[in-house]
Amino acid sequence: MLKNDRYDIVVVGAGHAGCEAALVCARCGMKVLLVTMDKTTAAKMYCNPAIGGLAKGHLVREIDALGGQMAKTTDATGIQFRMLNRSKGPAVWSPRAQADKKLYSQYMIKILESQPNLTYAGGEVTGVVTKNNGITEVVLKSGETIKTRAVIIMSGTFLGCKGFRGKQTFDVGGLGEPPAVGLTQSLVSYGIRYGRLKTGTPPRLDGRTIDWTKFERQYGDPEPQPFSFSTERITMPQISCYLGWTNEKTHEILHEGFSESPLFTGRIKGVGPRYCPSIEVKIEQFADKTRHQIFLEPEGLDTHWIYINGFSTSLPVDIQVRGLRSIPGLENVEVLEYGYAVEYDYFPPDQLKPSLETKAINRLFLAGQINGTSGYEEAAAQGIIAGLNAIRRLKDEEPFILQRSEAYIGVLIDDLITKPIEEPYRLFTSRAEYRLLLRQDNANERLMHYGRDFGLITEELYDKMRRKKTSRDKLLEYLKGKRVQPFLANPILETVPSTPLRNVETLYKLLKRPEISLLHIFEIDPELDSGNNFYHSEAFIAQVEMEVKYAGYIDRLNRQSEHVARMENTLLPETISYKNLKFLSMEARDKLQKLRPRTLGQASRIAGISVSDITNLMIHLRKHFTGISKCST
């Protein structure tokens, strides 16, 4: 029984957010209880069995640099690794890995159960108890109460969830698991608002009934690049995925079921993810398209289950089967699990502080899909931040807040608390103003010093990062100072081809040419790469080339970020009453009073607040609040 124990922090839910939060809190010395309805499903991949992707891969590397677990687990269980967007600039390169779904969860459970200071227990939390507006206990469905100093709720899509498939409606949290009941009502009783969102999942297919010769094989990278900065190399066997297409016949069949679709009949009220729509929504919205892309992705090494990415649906069962069998290669396919939609409770994140602590209840934190996000990676990023801030809250320390200019995690959380969530939020590289600075390859240089300060990054790993950075800086200085004669460079330049030199030029200037790589520079100056192992790393070479070829853009962004930092670091007084500031527009007064942004920078990004509102607010602060505080992390 747990009721006689007292915990520093109770983490509710063992999804990707919950695992990160519980581990970081325990690793920092807190006594932690991680409680979940089913202990066998920790970090379960209820949808796509993959980690990373566009912008999401950046998040995973940032989590790793802070000392999180997701990247390490991915490296240990990943069965296909690919660096996406290689045809574009390195700023938007994003790592992605197909994972063995079963092994991923099992690996994470082993980590949880072996972690000191962490109790991993089964149970369902149905309510919270407060005293003097602060958390004191959580209540279990069994009737037990557990005393605690802080609570982090990461319930995913399980709160009040309902499943939909054709005319069917059923209680389901994920792949047949029961919903969580009671917790929403408990939070609402404290004045916290909630809403409804929708997500969905595609059918799972029996790989033994698929004609693979009719699909295009998609290989992973020949030399898989690990997600974690601590992983030397990938040792898991690697597999292929497969590309296919729907067709006009598929669309005709699926269209027959639209009259029974819960998406079109109004039975589902919650809004679904715009950037990952159901196949029926794609057919409806893009009626001119005669085909849509699908990917067949194995769910593991020792299973026949195949995930069909791009075919999320809640159409009737017979329609799903007929539609699938109209696709070349799936003529005889057997369905192991039918697709369905899920509608669930979430809590609009404008009710949170930047630390992810609720404004209504002290020491209560929310993270993951409960905040209206989509994706394992967005959830895990919130989880580690909520965990770190729960620790700092209990120690009466300033919250740990990453700025938009230093991390995609900063972009994610700032967007959540300043922008209205009208659909499940998904992170993209385009959301980051400083994406040229926030590359996946330099996440360790940007954030690892925080992880080290928290005691989550080893000195050995931190020193390795510093040695690599020192090697790069020395190489850049060498390139700037080393001048090369035309007769040495031109034979190499002719083979590229690139315009021959007429005069002596620095290696740095040569490397600025779009067609010249660092490998060409090594050919021009053969002694350059001798004796340094870093120079032979693909990631190191790409990083050096980025620093040289985009130097002007990077310098400009650094100057811009320093200017913006002045607003980001200007704290807004907690006592200020915006409703009385007549120089602000009515909309600005209402939104500032409701959202209570922490800094002037956050206020400037709230929808509906104009530049003149911010300028007038800045003037007011200078006049009436002397010695305005500066925030720190």
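## Strand pairing, helix contact and cavities in a predicted model

Gly-244 has Ile-294 of E16 opposite it. The model is a predicted one. The pair belongs to the ladder between strand E15 (residues 241-245) and strand E16 (residues 293-298), where 4 bridges link the two in the antiparallel sense.

**The six-stranded sheet**

E15 and E16 are members of an open sheet of 6 strands, ordered E14-E15-E16-E17-E13-E18 and paired antiparallel. At its edges are strand E14 (216-218) and strand E18 (335-337), each of which pairs on one side only. From one strand to the next, the twist averages 35°.

E16 also pairs with E17, again antiparallel, over 4 bridges. Within that ladder, Glu-297 has Tyr-307 of E17 as its bridge partner. The two strands make a hairpin, and 6 residues lie between them. E17 (residues 305-309) in turn pairs with strand E13 (residues 204-206) through 3 antiparallel bridges. Here Leu-205 is matched with Ile-306 in E17.

Strands in a sheet are held in pairs by backbone hydrogen bonds, in a parallel or antiparallel arrangement.

**The four-stranded sheet**

A further open sheet has 4 strands in the order E11-E10-E19-E12, with antiparallel pairing. Strand E11 (168-170) and strand E12 (195-201) are its edge strands, each pairing on one side only. The average turn between neighbouring strands of this sheet is 25°, direction ignored. E12 runs antiparallel to strand E19 (residues 340-346), and 7 bridges join them. Arg-196 has Asp-345 in E19 as its bridge partner.

The table lists the strand pairs described above.

| Strand pair | Sense | Bridges |
|---|---|---|
| E15 and E16 | antiparallel | 4 bridges |
| E16 and E17 | antiparallel | 4 bridges |
| E13 and E17 | antiparallel | 3 bridges |
| E12 and E19 | antiparallel | 7 bridges |

**Helices H9 and H10**

How do the axes of H9 and H10 cross? The axes of helix H9 (residues 376-394) and H10 come within 10 Å and cross at roughly 90°. Angles from 65 to 115 degrees count as roughly perpendicular, and H9 and H10 are therefore roughly perpendicular to each other. On the H9 side the contact is made by Glu-378, Ala-381, Gln-382 and Ile-385, and on the H10 side by Ile-409, Leu-412, Ile-413 and Leu-416. By class, this contact consists of 6 nonpolar, 1 polar and 1 charged residues.

**Cavities**

The model holds 4 cavities of 30 Å³ or more. The largest cavity encloses about 110 Å³ of space. It has 15 lining residues, of which Ile-401, Leu-402, Gly-410, Ile-413 and Asp-414 are the closest to its centre. Which helix gives the most to this lining? Helix H10 (residues 408-418) does, with 5 residues. Ile-413 thus appears in two settings: Ile-413 is in the contact of H10 with H9, and Ile-413 is among the residues closest to the centre of the largest cavity. The lining as a whole divides into 8 nonpolar, 3 polar and 4 charged residues.

The second largest cavity has a volume of about 80 Å³. Its lining is drawn from separate parts of the sequence: Met-83, Arg-86, Pro-90 and Trp-93 are among the lining residues, as are Gln-225, Gln-440 and Asp-441, together with Glu-538, Ala-539, Ala-542 and Gln-543. Helix H16 (residues 538-549) gives the most to this lining, with 4 residues. The classes in the lining are 5 nonpolar, 3 polar and 3 charged.

**Backbone exceptions**

Most residues other than glycine have a negative phi, and most peptide bonds are trans. Two sites in the loops depart from these patterns, one in each respect. The peptide bond between Val-496 and Pro-497 is cis, with omega about -5°. Pro-497 sits in the loop between helix H13 (486-495) and strand E22 (505-506). Ala-43, a residue other than glycine, has a positive phi, near 55°. The loop that holds Ala-43 runs between strand E2 (32-36) and strand E3 (50-52).

Terms used:
Residues are numbered from 1 along each chain as its sequence is written. This is a predicted model: local features need pLDDT of at least 70, side-chain atom pairs count only at pLDDT 80 or more; totals for chains, interfaces and linings use all residues. Side-chain values use heavy atoms; hydrogens and water are left out. On a 1 Å grid over the protein atoms alone, a cavity is a set of points where a 1.4 Å probe fits but cannot get out, and a pocket is an open set with protein on both sides within 12 Å along at least five of seven lines; lining residues have an atom within 4 Å of a point. Grid points are joined across faces, edges and corners, and a volume is the space filled by probe spheres set on the points. Ala, Val, Leu, Ile, Met, Phe, Trp, Tyr, Cys and Pro count as nonpolar, Asp, Glu, Lys and Arg as charged, and the others, Gly among them, as polar. Axes are lines fitted to C-alpha atoms, for helices over the stretch in contact, and angles run from 0 to 180 degrees between N-to-C directions. Angles under 35 degrees count as roughly parallel, over 145 as roughly antiparallel, 65 to 115 as roughly perpendicular and the rest as oblique. Contact means heavy atoms within 4.5 Å. Two strands pair if DSSP finds at least two bridges between them.
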